[in-house]
Amino acid sequence: MSTVAPPSDPESNPRVKAVFDDIRATRKSDFINNMWLWLAFDPDLLERTWAEVKAVMAMPSALDPLVKEMLYIAVSVTNGCGYCIHSHTVAAKAKGMSEAEHADLLRVISLAAKTNQLATALQVPVDPAFDAAAER
């Protein structure tokens with residue numbers, strides 16, 4: 001259940017239309033997914049969020065686009081965001097993630113969650129060898 005209603009005609013607002021047009025151009029698709037439709041209730045928030053998503057996820061960087069999507073899935077699982085899990089899994093598959101890679105990703109997420117919980121529960125101190133500040 002939504003906490004806000006999306007605008008009935010979001011592209012009647014020129015700022016929203018500009019963002020949606022940029023999403024379409026960047027993604028080379030006419031599809032505007034619900035995240036953007038719902039964010040259109042606040043054009044400022046829509047613009048800022050899209051600018052950041054575009055800069056991090058759509059622009060070339062040191063990380064491969066598939067790796068970015070897989071990281072997004074992992075964080076979304078950790079944060080319990082079903083919407084993001086679904087949308088970024090579709091995006092990762094579109095970027096070439098195989099079923100074997102997806103299964104491996106889920107194994108890593110599961111293992112990291114388990115060992116994170118154990119380290120937190122045990123309050124294991126960080127090894128001095130892992131302290132980047134100690135290297136100075």
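Student: Why is the pair of cysteine 84 and cysteine 81 not called a disulfide?

Tutor: A disulfide is a pair of cysteine sulfur atoms within 2.5 Å. The sulfur of cysteine 84 is 3.1 Å from the closest cysteine sulfur, in cysteine 81, so the two are too far apart for a bond. By this rule the count is 0 disulfides. The model is predicted: local features need pLDDT of at least 70, side-chain atom pairs count only at pLDDT 80 or more, and totals for chains, interfaces and linings use all residues. Residues are numbered from 1 along each chain as its sequence is written, and side-chain values use heavy atoms, leaving out hydrogens and water.

Student: What makes cysteine 84 buried and cysteine 81 partly exposed?

Tutor: Buried means under 20% relative accessible area, exposed over 50%, and partly exposed in between (1.4 Å probe, protein chains only). Cysteine 84 has 14% relative accessibility, so cysteine 84 counts as buried. Cysteine 81 has 27%, and is therefore partly exposed.

Student: How do you know that the span of helix 4 is close to the expected one?

Tutor: Helices are DSSP runs (H or I, at least four residues), numbered from the N terminus. The expected span is 1.5 Å times one less than the number of residues. Helix 4, residues 65-79, has 15 residues and reaches 21 Å from first C-alpha to last, close to the 21 Å expected.

Student: Which helices do the buried residues of helix 4 pack against?

Tutor: Those residues, including Leu66, Met70 and Ile73, pack against helix 3 (43-58), helix 5 (82-94) and helix 6 (99-122). Just after helix 4, glycine 80 has a positive phi of about 70°.

Terms used: Helices (H or I, at least four residues) and strands (E, at least two) are DSSP runs, numbered from the N terminus. Contact means heavy atoms within 4.5 Å.
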